[in-house]
Amino acid sequence: MSKLPIDVPKEKLQQVRMDMFRKVQREKRAKKRIVPVAVAFLLCLSLLFSIRVSPTIASYVAKIPGFQQIVLAVVRDKGIKDIVDNGYYEEINTTQSKNGLSLTLQGVIADNSGLVLYYDADASFDMSDLHLEEVHLFQGDEEIEGGSFTSHQSHQTRISSSVEYNFSEPFAYTSKDFKAVFRFYEKDKGNIEMTIPFSLQNEIAKEKIVTANRIVDVGGQKFTITQIRRSPLRTAIDIEIDEANTMQILALDDIAVETENGERREGIKYGLSLRGDIRDGKFTLNLQSNYFQDSDSLKILIGAVHAVPKGEDFIEVDFGKKEVLTKPKYLDWDISVTEQGVSVAAKKWDDRSRHSFLNSAVKADGTPLEFTSGTYSDDEQYLYAMENFENYNGKAKIYLNYFFNPIGKNIELNIPLK
């Protein structure tokens, strides 16, 4: 089956192309041998800025220095495409060099819900053992906490990646002056720290908030969609679960929003899709943004609601004895216990490739048992998960965060926006 073409914005990235062209021209004067590279580069750009670009071409163009991460983001997330198309992506294109490492802050997206830094790094030395250890972001003298990034890629020859900040409360841009401090480590060169200052030029887009208060009743189990909050980076759906429910809701699958013209925005696949804990009764689902789309109403689509009986939503294990003590009768997974984790083999129920099942736990005294890491894989029949916790040799209760048991499917809700 042929793949659908993917829109990559043309006009709104024109300035980026011209800046990169001027950069190539400067390098051309310094090194005549770069002429063939510059020609090939511009040919690739002409493909990138055509109205319709296939996924194959987009994946090739993504390898071009300075474009990889933003192109990938556009392909993966329709909301990022809207950001670029509406001129909300801010090009920075500032480079710092130290100890043979060159770091370029390519661009920034900032709104009240989050902030994303797109950067590239190249080096005159072998980068296969280079790790990004820390990133610190400051607004003025105040550090912004909570950035997430990929620290290392095997056999890398260059780095093109991003640092993402997600704010639980609307962020106050008291100043538009920032600095990003990157600390890399390489076994021979040690720590390499570089600071790149930058200033935001755009006015920060105001969050659009709609009070919904729509109660959803699925087989007697209720939850309320309280708010829909839209920002350029994401559409956030705030949900509260009814305390009187007799079942523990574990997940809402395949949730999406759709505008009146049929434009659909789904969950964020490469970022924070859920904030909060469903078991606490309040949580937020983050979807691709439709901030720049005008509509009088939104349709919320929920593919399935999964739930299990309360009091039967956990397993008990003994890490010291490496054994499962109790588990619900319905739970047909193969579960084994190691010194620091649990291993799960679950028979596939659809074409899902990976899933985390057991990553929330408490010790025998009721204090939290910290989740540290997880590895996931699959084959034609089973999903495999290895969920690891802090070192602990006692008994623990581990809660299910997913089990395929749909109590309702194909739910549609129309929410007026005005």
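## Exercises on rings, sheets and cores

A search of the whole structure finds 20 aromatic pairs, a pair being two rings of Phe, Tyr or Trp (its six-membered ring) whose centres lie within 6.5 Å, with planes under 30 degrees apart counted as stacked, over 60 as edge-to-face and the rest as tilted. The model is predicted, so local features need pLDDT of at least 70 and side-chain atom pairs count only at pLDDT 80 or more, whereas totals for chains, interfaces and linings use all residues. Residues are numbered from 1 along each chain as its sequence is written, and side-chain values use heavy atoms, with hydrogens and water left out.

**Exercise 1. Describe the ring pair of tyrosine 291 and phenylalanine 292, and the surroundings of tyrosine 291.**

Step 1: the two rings are 5.1 Å apart centre to centre, and with 80 degrees between the planes the pair is edge-to-face.
Step 2: tyrosine 291 has a relative accessible area of 10% and is buried, while phenylalanine 292, at 25%, is partly exposed; buried means under 20% relative accessible area, exposed over 50%, and partly exposed in between (1.4 Å probe, protein chains only).
Step 3: lysine 208 lies over the face of tyrosine 291, at 4.3 Å from the ring centre, where a charge sits over a ring if NZ of Lys or CZ of Arg is within 6 Å of the ring centre and within 35 degrees of the ring normal.

**Exercise 2. Which parts does the pair of tyrosine 330 and phenylalanine 403 tie together?**

Step 1: the ring centres of tyrosine 330 and phenylalanine 403 are 5.0 Å apart and the planes stand at 55 degrees, so the pair is tilted.
Step 2: tyrosine 330 lies in the loop between β22 (323-326) and β23 (334-337), and phenylalanine 403 in the loop between β29 (395-399) and β30 (406-416), so the pair ties together parts that are 73 residues apart in sequence; helices (H or I, at least four residues) and strands (E, at least two) are DSSP runs, numbered from the N terminus.
Step 3: tyrosine 330 is partly exposed at 24% relative accessibility, whereas phenylalanine 403 is buried at 11%.
Step 4: both residues belong to a cluster linked by ring pairs, which also includes Trp333, Trp349, Phe357, Tyr402 and Phe404.

**Exercise 3. Trace the order and the edges of the open sheet that contains β12 and β18.**

Step 1: the five strands have the order β12-β13-β14-β19-β18, with antiparallel pairing, and two strands pair if DSSP finds at least two bridges between them.
Step 2: β12 (208-218) and β18 (274-277) are the edge strands, each of which pairs on one side only.
Step 3: β18 and β19 (residues 282-287) pair over four bridges, and leucine 274 has leucine 285 in β19 as its bridge partner.

**Exercise 4. Which residues touch the most other members of the largest nonpolar core?**

Step 1: a nonpolar core is a set of buried Ala, Val, Leu, Ile, Met, Phe, Trp, Tyr and Cys residues joined through side-chain atoms within 4.5 Å.
Step 2: of the 48 residues in the largest one, Leu115, Phe184 and Phe198 touch the most other members.
Step 3: among the elements that give two or more residues to this core are α4 (68-76), α5 (78-85) and β5 (114-123).
Step 4: apart from this core lies another, of 28 residues, including Ile249, Ile255, Ile300 and Ile415.
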